[in-house]
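Reader: Hi! Could you take me through one part of this model in close detail, the aromatic residues and the core around them, and give me the cut-offs as you go?

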Amino acid sequence: MPTTTTFRTSGALGQAEKAFELLTCEPAPLSFDARPVPGLPNKTLPLDALRKLVLFERYDSATVDALWRQLAMHAREWGPAWVVGAIGVALPALTHLAAKISRGRARHAEDVNSEVLAGFLAALRTADLDTPRLWLRLCWAAWRAGAAVIKPHDTEELPLDLPSGSRTPKKPYGHPDLLLGRAAAAGLITMEAAELISATRFGDSLIEQLAAEQGITASALRMRRRRAERVVGAAVKRGDLSGPVRTQLASPR
């Protein structure tokens, strides 16, 4: 039986999925040597099987970074097939990101899909492969590119039955990374602060390790994280992150 997991999407992401299906079909699917990646099975895997593995299994950040370092190197050095292959492995996440960004803005969906893919591809080709949290940085690049499609003053036409009274703004629900992305896009916190919160609160990174990498004390980095978290918390209470994001320059925090 085929092992490909199909994702319902259209436009650029849909075309990428079709290309990935052709690349991974029998009799000669493109395969990834997982043996050099600690934590993955000690064998060669067709890329669609690799995608299912990373989609349904939970791996620590070291394994994920090692996997994406290999995929990025293959995409840069081994030709277009591996570019399509790497994008195909990332498609579940890219599809999810694009859907979140374009929710409620159906007329922008095609453009968002294209920019999410373009942002990811640019990062795949240029990101520093030796810096930690590679996968997170690739996803942030895709998110930023897709979110840029939604202009600050761009709104859908108001429905005729829109009530004229005031109402409590909707609270933003969903993955914490997406909430942090909205806060960074609005200029409430820096992208670096958003990555710090995500990596240490929801990922596997230790704040002591990150502090050592940056040449500062762990207490100073904790203080920086605490200040950013307070800003995001206050914005959530005010409802600032539930509507269209108004982009501004973020001051260092």
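Author: Happy to; here is a walk from the whole chain to its core, its aromatic pairs and two polar contacts.

This is a predicted model, so local features need pLDDT of at least 70 and side-chain atom pairs count only at pLDDT 80 or more, while totals for chains, interfaces and linings use all residues. Residues are numbered from 1 along each chain as its sequence is written, and side-chain values use heavy atoms, with hydrogens and water left out.

First, the overall layout. The chain holds 10 helices and two strands (DSSP runs numbered from the N terminus: H or I of at least four residues for helices, E of at least two for strands). Read from the N terminus, the order is α-β-β-α-α-α-α-α-α-α-α-α. Of the 253 residues, 43% are buried; buried means under 20% relative accessible area, exposed over 50% and partly exposed in between, with a 1.4 Å probe and protein chains only. Among contacts with a separation of 6 or more, 67% join residues 24 or more positions apart, where contact means heavy atoms within 4.5 Å.

Now to the core. A nonpolar core is a set of buried Ala, Val, Leu, Ile, Met, Phe, Trp, Tyr and Cys residues joined through side-chain atoms within 4.5 Å. The largest one has 63 residues, and those with the most contacts inside it are F32, L47, W68, L71, F120, L124 and I189. Helix α4 (residues 80-102) gives the largest share of this core, 11 residues. Because domain 1 (12-149) and domain 2 (176-238) both contribute residues, the core lies between them; these bounds come from an automatic or database domain assignment. A second, separate core has six residues, including L196, I207, L210 and A211.

W68 makes a good place to zoom in. Leaving aside residues up to four places away in sequence, W68 touches A86, V89, A90, F120, L124, L134, W135 and L138. A search of the whole structure finds four aromatic pairs. Here, rings of Phe, Tyr and Trp (its six-membered ring) pair if their centres lie within 6.5 Å; planes under 30 degrees apart count as stacked, over 60 as edge-to-face and the rest as tilted. One of the pairs is W68 with F120, edge-to-face at 5.9 Å centre to centre and 85° between the planes. Since W68 lies in helix α3 and F120 in helix α5 (residues 109-126), this pair ties together parts that are 52 residues apart in sequence. Both W68 and F120 are buried. Another edge-to-face pair is W78 with W82, at 5.8 Å centre to centre and 75° between the planes. W82 counts as buried because its relative accessibility is 7%. W68, F120 and W135 form one aromatic cluster.

Next comes R76, which lies in helix α3 (residues 61-77). R76 counts as partly exposed because its relative accessibility is 34%. Not counting residues up to four places away in sequence, R76 touches A123, L124, R125, T126, A127 and L129. A polar atom of the R76 side chain lies 2.7 Å from the backbone oxygen of A127. R76 and R125 are 49 residues apart in sequence, yet 6.2 Å apart in space, C-alpha to C-alpha.

Finally, look at T24, in the loop between α1 (11-23) and β1 (31-33). T24 counts as buried because its relative accessibility is 4%. The T24 side chain reaches the backbone oxygen of F20 at 2.8 Å; a polar contact is a pair of N or O atoms within 3.5 Å, where within protein one must be able to donate a hydrogen and the other to accept it, and residues adjacent in sequence count only if both atoms are side-chain atoms.
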